[in-house]
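Student: Could you take me through one part of this model up close? I'd like to look at the sheet and the nonpolar core.

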Amino acid sequence: MRKVKDCKTSFVKVRCSKCKNEQNVFNSASTKVNCLVCGEVLAEPTGGKANFIAKVLEILP
Ligand SMILES: [Zn+2]
């Protein structure tokens with residue numbers, strides 16, 4: 001496992017573009033995040049912060 005120096009992890013609330021499901025996702029997800037309802041990819045890892053494909057509604061503290 002790779003060490004992650006950036007400890008500023010937080011959750012973001014995203015909405016699936018397909019089924020409108022709202023889901024909380026780690027903003028530094030290291031694996032692909034899929035919608036729990038329809039399986040659509042919501043975020044992809046980029047090595048650092050996740051790249052959000054779904055619409056980001058809000059950043060949770
Ligand atoms: Zn969905």
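**The sheet and the core**

Tutor: Sure, and keep in mind that this is a predicted model. Let's start with β4 and β5: these two pair in the antiparallel sense, over two bridges. If you want a residue to hang that on, take A43, whose bridge partner in β5 is F52. Now widen the view a bit. The open sheet here has three strands, running in the order β3-β4-β5 with antiparallel pairing. β3 (33–34) and β5 (51–52) are the edge strands, each with a single partner, so one side of each has no neighbour in the sheet.

For context, the protein has six strands and zero helices, so to speak a plain β-β-β-β-β-β when you read along the sequence.

On to the core. The largest nonpolar core takes in ten residues: V12, V14, C16, V25, V33, C35, L42, A43, A50 and A54. Two elements give two or more residues to this core, namely β1 (11–15) and β4 (41–44). So A43 turns up twice in our tour, in the bridge to F52 and in the core.

V25 is a good place to zoom in. Leaving out residues up to four places away in sequence, V25 touches F11, V12, V14, V33, L42 and A43.

Stepping back to the whole chain, buried residues make up 16% of the 61 residues. Among contacts with a separation of 6 or more, 29% are between residues 24 or more positions apart.

Conventions
Residues are numbered from 1 along each chain as its sequence is written. This is a predicted model: local features need pLDDT of at least 70, side-chain atom pairs count only at pLDDT 80 or more; totals for chains, interfaces and linings use all residues. A nonpolar core is a set of buried Ala, Val, Leu, Ile, Met, Phe, Trp, Tyr and Cys residues joined through C-beta atoms within 7 Å. A residue is buried if 20 or more other C-beta atoms lie within 10 Å of its own, exposed if 12 or fewer, and partly exposed in between; C-beta atoms are placed from the backbone. Helices (H or I, at least four residues) and strands (E, at least two) are DSSP runs, numbered from the N terminus. Two residues are in contact if their C-beta atoms, placed from the backbone, lie within 7 Å. Two strands pair if DSSP finds at least two bridges between them.
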